[in-house]
Amino acid sequence: MDGNLYALPLPESAAFDQYCGGNLGGSNETCVSFAAIPGAESSFVVRDSKPEGAGKELRFTEEELNAFAVGWVQRQGLTV
């Protein structure tokens, strides 16, 4: 891998897990979808389920996502 996660193909739709909450615009409109990127060890794609976010995604290494998750949990005062 050359380090460019955006050069790698998207996972199949069935590979995505959804984490939903709020349901402000419909049962599956307020979700974050998440999947491992094929061909990249410990790298992931995150996308929004809202129609306005269709076709847009963010790609991260496991290290980057872990740093975000820990920071978010701490900032929100959550426990896991």
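A disulfide, as the word is used here, is a pair of cysteine sulfur atoms within 2.5 Å. Chemically speaking, a disulfide is a covalent bond between the sulfur atoms of two cysteines. Keep that in mind as we walk through this structure, which is a predicted model. Search the whole structure and you'll find one disulfide. It joins Cys20 to Cys31, with 2.0 Å from S to S. The two cysteines sit in distant parts of the chain, 11 residues apart: Cys20 belongs to strand β1 and Cys31 to strand β2. If you look along the S-S bond, the link of Cys20 and Cys31 is right-handed, with 100 degrees about that bond.

Are the two cysteines buried or exposed? Buried means under 20% relative accessible area. Cys31 has just 2%, so it counts as buried. Cys20, at 42%, counts as partly exposed.

Now let's zoom out to the strands. Strands of a sheet pair through backbone hydrogen bonds, either parallel or antiparallel. Here, four strands make an open sheet, lined up as β1-β2-β3-β4, with antiparallel pairing. Why do β1 and β4 each have one side without a neighbour in the sheet? Both stand at the edges, β1 at residues 17-20 and β4 at 57-61, and each has a single partner strand, so nothing in the sheet flanks the other side. The strands aren't lined up perfectly, either: on average, neighbours in this sheet are turned by 25 degrees against each other, direction ignored.

Pick out β3 (residues 43-48) next: five bridges join β3 to β4, and the two run antiparallel. For one example, find Val45, whose bridge partner in β4 is Arg59. Then there's helix α1, residues 62-76, which lies across β2, β3 and β4 and runs at about 100 degrees to β4.

Back in strand β2, have a look at Ser33. With a relative accessibility of 5%, Ser33 counts as buried. Its side chain makes a polar contact of 3.3 Å with the side chain of Gln18. Leaving aside residues up to four places away in sequence, Ser33 touches Phe16, Asp17, Gln18, Val45, Val46 and Arg47.

Two of those names, Phe16 and Val45, turn up again in the largest nonpolar core. This core has seven residues, and the rest of the list is Leu5, Leu8, Ala35, Ile37 and Ala40. Try following Ile37: among the residues it touches, again setting aside those up to four places away in sequence, are Leu5, Leu8, Pro9, Pro11, Val45 and Arg59.

How values were computed. Residues numbered from 1 in each chain as written. Predicted model: local features only at pLDDT ≥ 70, side-chain atom pairs only at ≥ 80, totals over all residues. Heavy atoms only, no water. Pairing = 2+ DSSP bridges. Axes fitted to C-alpha atoms, helices over the stretch in contact; angles between N-to-C directions. Contact = heavy atoms within 4.5 Å. Buried < 20%, exposed > 50% of the residue type's maximum accessible area, 1.4 Å probe, protein only. Core = buried A, V, L, I, M, F, W, Y, C linked by side-chain atoms within 4.5 Å. Polar contact = N/O pair within 3.5 Å; in protein donor to acceptor, adjacent residues only side chain to side chain.
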